[in-house]
Amino acid sequence: MLDLIQGGNVSLPGGVLAIRVPGPFDLSVLITGDDGKVSGDGDFVFYNQPSAPGARLRGDTVTVDVGRLRSGAGRVTVVVSAADPAVPLGRLPPPALSVTRADGPGPALARFTPPRPTHESVLLLAEIYRRGGGWKLRALGQGYADGLAGVARDFGIEVAEDGAPPAATTSSVPGDGMVALVNAERSRSGAPPVTADARLAAAARAHCAGMAAEGRLGAAPRPGTSLYQRVTAQGYAYLTVAEQLVSGPRTEADFLAYCLTDPRMGRTVRDPVLSQVGVARVPAPGGDIFWTAVWARPLTPHGLASLASDVVALTNAERAAARLRPLAGDPRLTTAAQAHSDEMVARGFYSHTSPDGRQPWDRAAAAGCTHRGIGENIACGQRSAAEVVRGWMDSPGHRANILKPDFTHIGIGFRGGGEAGTYWTQLFGMSG
């Protein structure tokens, strides 16, 4: 038996599989082709439609017989939501998935428990997918904030607002074909492949639809609707993000070719740091075609620590060039700095003064800092450690903080989201 981590996969044996998720949850599955889209509403197996060819839902268990799936099926995605729609998943224990053979007793083939959700109402828990002549299981743990309806729409099901049964539709979100084109280009440049992410695709589609409705390109068609806010609303926390907003191309190949003619957008396509992508195509009423591509690397504790370490190293390099002693990392300053970046995104402001009137020294004291002097640099919109440190050094006031001889310690905070996309905090302390 194998305990999977998020993104891990395992080969599956032949025969009928039983997938169980016990607890206060509703289980459902989506049966799709290799393009990630359903062929009709019959491919959605849930409590009101508990069976489809090759799949049957009974209580907390769904059985899957891959040999009996409908023609063209190449993937079965396991979805979990709270049994009580009024209860967010974050208030429940993390759902624990186990996979066993359904044709007899025996040990579990695989188990997966995702990270505890926060505000998400639905999780894409795992997927069974065809690979060569066999089938594999991949652990997902991808969250949605807009319920089963949002999941269904992203998989190509149109959900009527009046409660009518869902009907199949053709999605405007490019799927695996687009990813294959992108990865062919990345392979030529030596970059690792990217994978499609349903949350990024949902954010891209919502943003693309907004641009098409208004007939113009823009990162925020209306206040409070920035692309970055749409991404975080889908439950996707990112360490790095990039976007491509384009109108005109008619096909996926044309869109990619257009991006490759622009130096900045071409660098994004080939950027080895980016690992996931979501792309949407929406026709405007006047006949123009709008495109949105969102590229990202997901936020992880290790990634955040590495990013903060890079900012400290670059800051100390500037101090070394000025013949100043390096700053030492301070976990309490880091806690205060991270809390401020988080708050700027969550409460939609950009200032040294919090909405409740707190100043940098107040936040440092609340985190347990005892430094006799505190300084703070903030920034928004920069996409890398090098970019943010260069921006601070090009600003006289921020540069003065970085090169202040009396400062001895430093903490770094970073959060993606909000109107600007990235929010950075650099908090300095002076030993007594």
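Is G248 buried, partly exposed or exposed? Select G248 and look. At 31% relative accessibility, G248 counts as partly exposed. Keep in mind throughout that this is a predicted model.

**Stop 1: G248 and its contacts**

G248 sits in the loop that runs between strand 17 (238–247) and helix 5. Now add D288 to the selection. The two residues are 40 apart in sequence, but their C-alpha atoms are 6.0 Å apart in space. Which residues does G248 touch, leaving aside its neighbours within four places in sequence? They are D288 and I289. Show both as sticks.

**Stop 2: helix 5 and helix 6**

Move on from the loop to helix 5, residues 252–261. Colour F255, L256 and C259: these are the buried residues of helix 5. Turn the view to look down the axis of helix 5; the buried residues fall within an arc of 95 degrees, so they line one face of the helix.

Next, select helix 6, residues 263–270. Two packed helices are described by the angle between their axes and the distance between the axes. Here the axes of helix 5 and helix 6 come within 5 Å, and they cross at roughly 115 degrees. Which residues make the contact? From helix 5, pick L256, Y258, C259, L260 and T261. From helix 6, pick P263, M265, G266, V269 and R270. Colour this contact by residue class: there are 7 nonpolar, 2 polar and 1 charged.

**Stop 3: the seven-stranded sheet**

Switch to cartoon view. Strands of a sheet pair through backbone hydrogen bonds, either parallel or antiparallel. Find the open sheet of 7 strands, ordered 1-11-10-3-8-7-6. Its pairing is mixed. Where are the edges? They are strand 1 (2–4) and strand 6 (51–52), and each of these pairs on one side only.

Zoom in on strand 3 (residues 16–20) and strand 8 (residues 61–65). How do these two strands run, parallel or antiparallel? They run antiparallel, joined by 5 bridges. To line up the pair, select A18 in the middle of the view; T63 of strand 8 stands opposite A18.

**Stop 4: two salt bridges at this sheet**

Side chains of opposite charge can pair when their charged atoms come close. The structure holds 19 salt bridges. Start with R111 and D3, whose side chains meet at 3.0 Å, N to O. R111 belongs to strand 11 (residues 110–112) and D3 to strand 1, so this pair links distant parts of the chain, 108 residues apart. Check the surface too: R111 is partly exposed at 37% relative accessibility, and D3 is partly exposed at 47%.

Now select D60 and R20. Their side chains form a salt bridge, again with 3.0 Å from N to O. D60 is in the loop between strand 7 (55–58) and strand 8, while R20 is in strand 3. This pair also links distant parts of the chain, 40 residues apart. Are D60 and R20 buried, partly exposed or exposed? D60 is partly exposed, with a relative accessible area of 26%. R20 is partly exposed as well, at 39%.

**Stop 5: the E343 network**

Jump to R358 and E343. Their side chains meet in a salt bridge of 3.1 Å, N to O. R358 lies in the loop between helix 8 (331–347) and helix 9 (360–366), and E343 lies in helix 8, so the pair ties together parts 15 residues apart in sequence. R358 counts as partly exposed, at 30% relative accessibility. E343, in contrast, is buried, with a relative accessible area of 10%. Add R347 and D356 to the selection. Salt bridges with shared partners join E343, R347, D356 and R358 into one network.

**Stop 6: the four-stranded sheet**

Last, find the open sheet of 4 strands. What is the strand order? It is 20-22-23-21, with mixed pairing. Strand 20 (328–329) and strand 21 (373–380) are the edge strands, each pairing on one side only.

Select strand 20 with strand 22 (residues 409–417): the two pair in the parallel sense over 2 bridges. Here A328 stands opposite H409 in strand 22. Finally, bring up helix 7 (residues 301–321), which packs on this sheet and touches strand 22 and strand 23 (421–430). The direction of helix 7 makes about 130 degrees with that of strand 22.

Key: Residues are numbered from 1 along each chain as its sequence is written. This is a predicted model: local features need pLDDT of at least 70, side-chain atom pairs count only at pLDDT 80 or more; totals for chains, interfaces and linings use all residues. Side-chain values use heavy atoms; hydrogens and water are left out. Two strands pair if DSSP finds at least two bridges between them. Contact means heavy atoms within 4.5 Å. Axes are lines fitted to C-alpha atoms, for helices over the stretch in contact, and angles run from 0 to 180 degrees between N-to-C directions. A salt bridge is a side-chain nitrogen of Lys or Arg within 4 Å of a carboxyl oxygen of Asp or Glu. Buried means under 20% relative accessible area, exposed over 50%, partly exposed in between (1.4 Å probe, protein chains only). Ala, Val, Leu, Ile, Met, Phe, Trp, Tyr, Cys and Pro count as nonpolar, Asp, Glu, Lys and Arg as charged, and the others, Gly among them, as polar. The arc is that of the directions from the helix axis to the C-beta atoms.
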